[in-house]
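This report looks at a pocket, a pair of helices and one residue. Please look over the structure before reading on.

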Amino acid sequence: MAATACGRQAWRQLMRNSCRGPAATPSKLLRQQQPYRLAFQRQTSSTTRTTPSSLLRQQPLAQRSYSSGSQGGQQTPPPRSSNSQIKFWPFVVLIALGSGGYMLLINRRKTMPPTTQTTPAFSPSEVTVLFVLGGPGAGKGTQCARLVRDYQFTHLSAGDLLREEQDRPGSQYGQLIKDCIKNGEIVPMEVTIALLENAMRDTITRTGNKKFLIDGFPRKMDQALKFEEVVCPAKLVLFYDCPEAEMEKRLLERGKTSGRADDNAESIRKRFRTFVETSMPVVHHYEAENRVVKVISTPPPDQVYADTQVQLKKALGDKF
């Protein structure tokens, strides 16, 4: 009985449902839920699985802020700001200022007097210096001895001072001087000038005499300029002019008794060449300054001395 009652109740319920409408099948229920399921999937995929690449795919028309978008999709970088460009005008200003400062410095140095000026050891207003020049064997020593006798000059022979120095015990320049004299070469000017200055100072201290004949010096232009700068400017040059053949004959004759190492034919020829190449430019230099007294020394010594006196009186006065 109980089972029959339950069956009846189930039958009533089935009939009641069939009266409301056709029964829903599983496939129909799936079709009804599909729109909601697709919508839910779109929502969840857009919120939970969004990536940078998916964003770019979702926005294919989005343009960067600096894209022009008008040249076939090509993107060009933004123009540089004027503040980021290199400015050259500061460099131009610096170069102009540096150049201007340099030119001012150069012009100022031109107008400024020299900061260091060498003062000669002796004043030309107090000390008289005559350079006596001529080729080897021209008779310089003979004429100087007569001027010393008659006009109270002190005769300083550069050659004699050098020979004395080479024989002085303990001289640091002895061997150098020997080699130069033997080979007919010029001794370094620093040595010769120092010896001449010392000799002049010693003479003034001992005798008070301030008139000097410097024989055989200067032999080069730089020697002349250095002597006048350091020791004393010369009053004039006394130049004895003599042919080479005559000088060679005199030197060979003198070599028989002088004992000098340079009075031989080979050394004499070397000395001639040295004089022509180095000493004659000195004569020409002083001649251009009107400070040369030229005497021909071929005649006998007495006549040469008479000519010397005449020429010196013209240049220095009667009481030279």
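Eight elements each supply at least two residues of the lining of the largest pocket; helices (H or I, at least four residues) and strands (E, at least two) are DSSP runs, numbered from the N terminus. Among them are the following.

| Element | Residues |
|---|---|
| Strand 1 | 128-134 |
| Helix 6 | 158-167 |
| Helix 10 | 244-258 |
| Helix 11 | 265-288 |

The model is predicted: local features need pLDDT of at least 70, side-chain atom pairs count only at pLDDT 80 or more, and totals for chains, interfaces and linings use all residues. Residues are numbered from 1 along each chain as its sequence is written, and side-chain values use heavy atoms, without hydrogens and water.

Helix 6 gives the largest share of the lining, five residues. In total 45 residues line the largest pocket, and P136, K140, R219, R260 and R271 lie nearest its centre.

Helix 10 and helix 11 have axes that come within 10 Å and cross at roughly 145° (axes are lines fitted to C-alpha atoms, for helices over the stretch in contact, and angles run from 0 to 180 degrees between N-to-C directions). Residues of helix 10, including E244 and M247, meet residues of helix 11, including A265 and R271; contact means heavy atoms within 4.5 Å.

Is T128, in strand 1, buried or exposed? T128 is buried, because its relative accessible area is 18% and buried means under 20% (exposed is over 50%, partly exposed in between; 1.4 Å probe, protein chains only). Apart from neighbours within four places in sequence, T128 is in contact with K210, K211, F212 and K235.

Technical notes:
On a 1 Å grid over the protein atoms alone, a cavity is a set of points where a 1.4 Å probe fits but cannot get out, and a pocket is an open set with protein on both sides within 12 Å along at least five of seven lines; lining residues have an atom within 4 Å of a point.
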